[in-house]
Amino acid sequence: MEGGEWRNSIVSQLQTRNKYETAAFQDIIAFQSRLFDNVNTLKNENLQLTLVNERIRFSGTDSVITGTGGPSNERIQALEQKILVQQEELTSLHRRRGENAQQIMSLNEKVHDLEKQLQAKDVTISENTALIASLRAEIQMYETNMTELQGLNQVLRDEHQALQIAFAAIEEKLRKAQDENRSLVERLIKYKAKDADKMNEENEHFLK
Amino acid sequence: MVKKIEGLLKKYVTIDILIDISKSRLIGTMANDREVLREIWDGKLPICFQLAQEEIMEIQQPDPFYVMVPRLSYFPLVTDKMKRHFLRYISQENADSEMWLDYNGQPLKWHYPIGFLYDLCCGNDPQLPWTLTVHFTKFPEDILLHCPNKDVVEAHYMSTVKEADVLKHRGQVMSTMQKKDHNQLWLGLQNDKFDQFWAINRRLMESHGENEGFKHIPVKIYSDDGLCSQRLVSPKNNDGSRKTLQQMTSELYPDKTDVKLRTHGVIIPAETPLQWLSEHLSYPDNFLHLCLC
Amino acid sequence: MGDEKPSDDSQQNSLSNATENLKIEEQKENGDAAKTDKVKIDILLKATGNAPIMKKKKWAVDAEKPIGWIMEFVKKYLKLEPDEKLFLYVNQTFAPSPDQIVRNLYECFGTDGKLVLHYCKTQAWG
């Protein structure tokens, strides 16, 4: 921004100018303008009211002359008609409003109930979820048990089989042994019999 | 800082030239003195419009119409409400006639800015509120131009801005602007919107090229009787220094001494640089309108 | 409004009635013993768009005459209807205000000793 005496002179002259030309008159003229507008509005209203007044006065003092009264009577009737229609509308609107309020209340209740049901269901769901979890855990446990037992089972079977084989072998041995025993016993008996015969024979010889 | 330079080199160089050189290096050339621009823009005049006596057709005398009008505006832009007020009181056959104004019997040219008209008529002798007479008949064809609607005002305004641009920048700034910028200029002025207006106008106040300053200064000088003189004025002297108002008046009026010029209601100090003056104290039409006191 | 060669009577007689009136004014001046000191400025009128071209384009006009006067002259010369408009432009850029003086425009926008004005029946440069 430039400096210089000339600029200061110009600025101060402008400020003085605005003080004397603008600031001094601004408010007054603004106020006057408002008054002016108000006066005009009031004048107009006044005019309207005077006209209405005249019309009423004419229709009031001279009822025979329907010329001036007629139109205003008609206007009054039309307005009354309008009022009736509006009142009917108003009553029906009030009624509807009551009904709507009622509806709102019942709907609110329903919503409330449904919310409660929802809550209960939520609870059940959570309980069931917990149950499922625990059941799953049990199943897991049983499965592990089962595998264990199956394992054991297998072991026992193997043992059993092994024992059976061993048993069969031993049975065989026993049979063999018994057979051998039998045959030996037979042989023995035979020998004993022979011996006995011999003895008998000897005995017989003696006696003679 | 400038004063320091002054003091130091007083002994060695001519002060004027030195200050000019140092200032022109320090400060950019553009209308950037917002304080001054704002004071100029905010200027408003109180006007009292009165209907010409011979035109009053009603028994009741119409109230005079008071209003604050911007100094920078034009009468056709601020007289709608006033016109509606007075139309009720004139003969109905004149209701569509063109309205015109006079001050002390002198018809007022609507295409001059309001503030300038006031300075021309009452600069030496302020009259506030400024009382003007409103007419709807006997349009002075030989003195006033016709103004059937606001578009005519806009056309005149835009033409003047273009003329100023030719003088300042060979017309290059206006021709490179878009239509919407031109519109914004007019709307800013019409609706009293300082920022909207100056957003565009600052481009018209810039200097281009190495020239630090306009090619020529758009200036119109008016004598008492309203005669207008327009000449090519350069913002620089032959030695390249910034030309002041005083140097311009010596060039244009070599026979007159102590020439005083008024604009926007202020007397311009003689040593004001023309370039700064053009950037800051031009009217919205980009011209300086100066009245010889 | 004067011819460049004011002594050329035959040329003056062949002009239209409208311009005749203006000629009368000029003849009066020439007939006057005390010759008036009026400075005259040369103007060159150029047609633009579909405007008819004037037979005589160069004119010398009183420096103090307003542009509006030139507009009226051209309208009469071209025999335009009263409702037809005429637009004058300087520098093919702006339309000067009708009350602007020829001298001011010449001083600011004159070239080669004359002021060139473009005329048009419709708006050309806004």
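# Working through chains A, B and C

The contact between chain C and chain B draws 12 residues from chain C and 15 residues from chain B, where two residues are in contact if their C-beta atoms, placed from the backbone, lie within 7 Å. By class, the chain C side of that contact has 5 nonpolar, 5 polar and 2 charged residues; Ala, Val, Leu, Ile, Met, Phe, Trp, Tyr, Cys and Pro count as nonpolar, Asp, Glu, Lys and Arg as charged, and the others, Gly among them, as polar.

Some ground rules before we start. This is a predicted model, in which local features need pLDDT of at least 70 and side-chain atom pairs count only at pLDDT 80 or more, while totals for chains, interfaces and linings use all residues. Residues are numbered from 1 along each chain as its sequence is written, and chains are lettered from A and ligands numbered from 1 in the order in which they are written.

**Exercise 1. Take stock of chain B, then of chain A.**

Step one: confidence. Chain B averages a pLDDT of 89, and 88% of the residues score at least 70; pLDDT is the predictor's confidence in each residue, from 0 to 100. Watch residues 22–29 of chain B, where pLDDT stays under 50 and the model has 11 contacts beyond four places in sequence.

Step two: elements. Chain B comes to 12 helices and 10 strands, while chain A has 2 helices and 0 strands. Helices (H or I, at least four residues) and strands (E, at least two) are DSSP runs, numbered from the N terminus.

Step three: burial. Of the 293 residues in chain B, 40% are buried; for the 208 residues of chain A the figure is 3%. A residue is buried if 20 or more other C-beta atoms lie within 10 Å of its own, exposed if 12 or fewer, and partly exposed in between, with C-beta atoms placed from the backbone.

Step four: how A meets B. Here 20 residues of chain A are in contact with 28 residues of chain B. The chain A side has 7 nonpolar, 9 polar and 4 charged residues.

**Exercise 2. Which strands stand at the edges of the sheet with order 2-1-5-3-4 in chain B?**

Start with the order: 5 strands form this open sheet, with mixed pairing. Strands pair if DSSP finds at least two bridges between them. Strand 2 (65–70) and strand 4 (106–107) of chain B each have a single partner strand, so one side of each is left without a neighbour in the sheet.

Now check one edge. Strand 3 (residues 100–103) and strand 4 of chain B run antiparallel and are joined by 2 bridges, with D102(B) standing opposite P107(B).

Then add the helices. Helix 5 (residues 80–87) of chain B packs on the sheet against strand 1 (44–51), strand 2 and strand 5 (130–135), and its direction makes about 165° with that of strand 2. Helix 6 (residues 114–122) of chain B touches strand 1, strand 2, strand 3 and strand 5, at about 75° to strand 1. Axes are lines fitted to C-alpha atoms, for helices over the stretch in contact, and angles run from 0 to 180 degrees between N-to-C directions.

**Exercise 3. Trace strand 6 of chain B through its own sheet.**

First, place the strand. An open sheet of 5 strands in chain B has the order 7-6-10-8-9 and mixed pairing. Strand 7 and strand 9 (266–267) are the edges, each with a single partner strand, so each has one side without a neighbour in the sheet. Helix 6 of chain B packs on this sheet too, touching strand 6, strand 8 (261–263) and strand 10, at about 10° to strand 10.

Second, go through the partners. Strand 6 (residues 219–222) pairs with strand 10 (residues 288–292) in the parallel sense over 4 bridges, and V219(B) has L288(B) as its bridge partner. With strand 7 (residues 228–229), strand 6 runs antiparallel over 2 bridges, and Y222(B) stands opposite C228(B). These two strands form a hairpin with 5 residues between them, where G226(B) in the turn has a positive phi of about 90°.

Third, look at the faces. In a regular strand the side chains alternate between the two faces of the sheet. V219(B) and I221(B) lie on one side, K220(B) and Y222(B) on the other, and all are buried.

**Exercise 4. How many residues of helix 4 of chain C are buried?**

Count along helix 4 (residues 102–109): 6 of its 8 residues are buried. They are V102(C), R103(C), L105(C), Y106(C), C108(C) and F109(C). Their packing partners include helix 7 (150–169) of chain B and strand 1 (40–47) of chain C.
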